[in-house]
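Me: I'm new to reading protein models. Could you take me through this one and tell me where the words come from?

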Number of protein chains: 2
Amino acid sequence: MTIIDIARLSGVSKSTVSRVLSGAGNVSQEARDKVMAAVQESGFRRNDLARSLRSGRTGMIGLLIPDIANPFWADVARGAQDAADAEDISLLIFNSDWDPERERRHLQALTQSRVDAAIVNPVRDGLDDFLRFQIPLVLIGSSAERFPQLPSVGSDISQGVSIGLDRIVAAGLGMPALLVGDAERTARERFVAAVRAVGEAEGWPLDEMRLEDGQYTVEGGRAAMERLLKAGPPRVVFAANDLMALGALQAIRAAGLRCPEEVALLGFDGIPAAEVSTPALTTVGKPSREIGRQAFKLLNRKVTGQAEAPRLSLPCTLIERETLPRIDHPRAVGTG
Amino acid sequence: MTIIDIARLSGVSKSTVSRVLSGAGNVSQEARDKVMAAVQESGFRRNDLARSLRSGRTGMIGLLIPDIANPFWADVARGAQDAADAEDISLLIFNSDWDPERERRHLQALTQSRVDAAIVNPVRDGLDDFLRFQIPLVLIGSSAERFPQLPSVGSDISQGVSIGLDRIVAAGLGMPALLVGDAERTARERFVAAVRAVGEAEGWPLDEMRLEDGQYTVEGGRAAMERLLKAGPPRVVFAANDLMALGALQAIRAAGLRCPEEVALLGFDGIPAAEVSTPALTTVGKPSREIGRQAFKLLNRKVTGQAEAPRLSLPCTLIERETLPRIDHPRAVGTG
DNA sequence: AAACATCATGGGAAGGTTCCCACGAGGCAT
DNA sequence: ATGCCTCGTGGGAACCTTCCCATGATGTTT
């Protein structure tokens, strides 16, 4: 069943059928009706492969992320999908698992399937591979900053740290102890750098803050918090991610301390599990869904040949829950 | 850059280039080497669109699920992706949001992009729409049972309830109170039916169990548990899903009761958040990733024209954590 | 009334690959 | 030496659409 069959059925030429189906102009209402009737009756569906081959556009974009089963990335994917859906574009999703070899393979698969563009969270350091594939690209995630020449969308860690620290200031508990993750991850240094910068403005030099390292897991957070407690409980803790914050919370309660009355806690990420802890974790949420949405929009602007694609840093938001004391007369907690 | 260019560059015909690139036989080593060299040098990538158009196979399959941001479905997607990846097949993923209209639209998009097959969690009741799209289909999720004539993969709720109830029996705490979700969801009646069947075998008639309904959320679970507590705390509670179980846990602790010493709790689902509650939730885990994996394998067997595709029910597994008392000499807790 | 736009339509080429068939060369059995 | 089978190879058709250009009809301007 092809448009030629539809043409025969409706008594017009295949060109006219094509015009009707693609919504192009210059078709009489009569012809349009006849074609639509034939399509309806026969159940015909245009073959997008042939369409793409000829037109050079597939209406598909690739999404290459570390792991769709990770809630942050799943949410990014959802944002991209929502935006794509509104423009009738389909998403081809791949997982790199932080493995350069898999990334390379999937990038190649993306070029071969002729996606119009791709959104990727880069794993490897070499830029060459990205540029060789001549697809329009938008980078996402923290590692994107290693490629300043490519457009990207990420979360504004500095701003997130800033609103977090502001909130701690507002709570009036003094300087927080810091709980940070593996040294390998770029996320760690970004967080620390942001705390240094923002802290100085607040009159809290980084050197004077207690800082504990740990594995980027619940268990790692618990262990790090235990070390912190042993050396004397801090009044308030700022964790670089929610997983560790959740572990810290367990350690705090295991030590018989009340949160937030005795030890207050602030997380960073906004993962779903932080909603259901007891007490529920107050945290700085990353705009994961918005990252996906904006990445798509950037891409689409690029594909349709609009203005130069920039580097976007989206604001984090404070998710007020129960591990920081309430503020009766909240001082302004900025978003910028 | 096409295979014709490669043919010219390497001094063979386009047919030979095609044979080399598609891994078909009957090519001399010499020709193969020349072609590969030319490909390497030019950076040529075969156009999969043209390939698909001619061959009739796209190497893509569709995945239509309610919501990729939901951890269960994300995990299903991951399983399908892993299996697909091993066979160099790409996944086109769509979210239906439990909306029949969106489902219809995406199903149509899938047919138009000529995916080789599709895995779908059906929303609507009408079967017609599924059969009209003449793609090989595998259904997943609990609603699949409404379409007995189509192959499907799901979790074995009866078996899951069975191992859960067995575990409660083993704990020696007597008959559990039940916490179940919205009446609308098929999940609810399946759970209740399974408890009735298994309970009878254990000598626990459903009629004698306390049963509390609630919204399918943390808040709903908390409220339902509060009602239960008000009428006198049950010794052990079996919740039909983890979200409600987590809410119930909060209610238990808010009432000043210890879990599992005073009120023990068993969940159902295996969501990530259940790992980090305090105490960590003991629950019956659904084989989400395996569902995705098996769904793909079934599909692939179907596409390659192998034996008739069956209806698969995959076993749930008990995830032993902290909300049920430990068993020192565990009696056999079956998996079947 | 003539010249010119504008519009609806149709036919052919093109997009890049795979499939089918034909061909010649070489190996083996007759 | 002849016939036959296998193997490697090449050329043309086919897959289904969109794009480009030509055609004729209708409407508008001078």
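Me: How many helices and strands does chain A have?

Reply: Chain A has twelve helices and twelve strands. Those are DSSP runs, numbered from the N terminus: H or I over at least four residues for a helix, E over at least two for a strand. Keep in mind that this is a predicted model, where local features need pLDDT of at least 70, side-chain atom pairs count only at pLDDT 80 or more, and totals for chains, interfaces and linings use all residues. Residues are numbered from 1 along each chain as its sequence is written, while chains are lettered from A and ligands numbered from 1 in the order in which they are written.

Me: How do you know what radius of gyration a compact globule of 336 residues would have, and what does chain A have?

Reply: The rule is 2.2 Å times the number of residues to the power 0.38, and the radius is taken over C-alpha atoms. For 336 residues that gives a value near 20 Å, but chain A has 26 Å. Along its principal axes, the C-alpha trace of chain A spans about 85 × 45 × 35 Å.

Me: Why are the two copies said to be related as by a two-fold rotation axis?

Reply: Chain B can be laid on chain A by a turn of 180 degrees and a shift of 0.0 Å along the axis, with an RMSD of 0.1 Å. The two copies are thus related as by a two-fold rotation axis. The fit is by least squares on C-alpha atoms of residues with pLDDT of at least 70 in both copies.

Me: What makes you say that the copies meet through the same surface?

Reply: Being in contact means that C-beta atoms, placed from the backbone, lie within 7 Å. By that test, 38 residues of chain B touch 38 residues of chain A. H5(B) gives the largest share of chain B's side, six residues. And 100% of the interface residues of chain B are also interface residues in chain A, so the copies meet through the same surface.

Me: Why is H2(B) called roughly perpendicular to H3(B)?

Reply: Helix H2 (residues 14–22) and helix H3 (residues 29–42) of chain B pack at about 85 degrees, with axes 10 Å apart. Since 65 to 115 degrees counts as roughly perpendicular, that makes H2(B) roughly perpendicular to H3(B). Axes are lines fitted to C-alpha atoms, for helices over the stretch in contact, and angles run from 0 to 180 degrees between N-to-C directions. Among the residues that meet are Val17(B) in H2(B) and Val35(B) in H3(B).

Me: Which residues come nearest to DNA strand D?

Reply: Thr2(A), Ser18(A), Asn47(A), Ala50(A) and Ser13(B) come nearest, out of 26 residues around DNA strand D. A residue is near a strand if its C-beta atom, placed from the backbone, lies within 6 Å of it.

How values were computed. Contact = placed C-beta atoms within 7 Å. Parallel < 35°, antiparallel > 145°, perpendicular 65-115°, else oblique.
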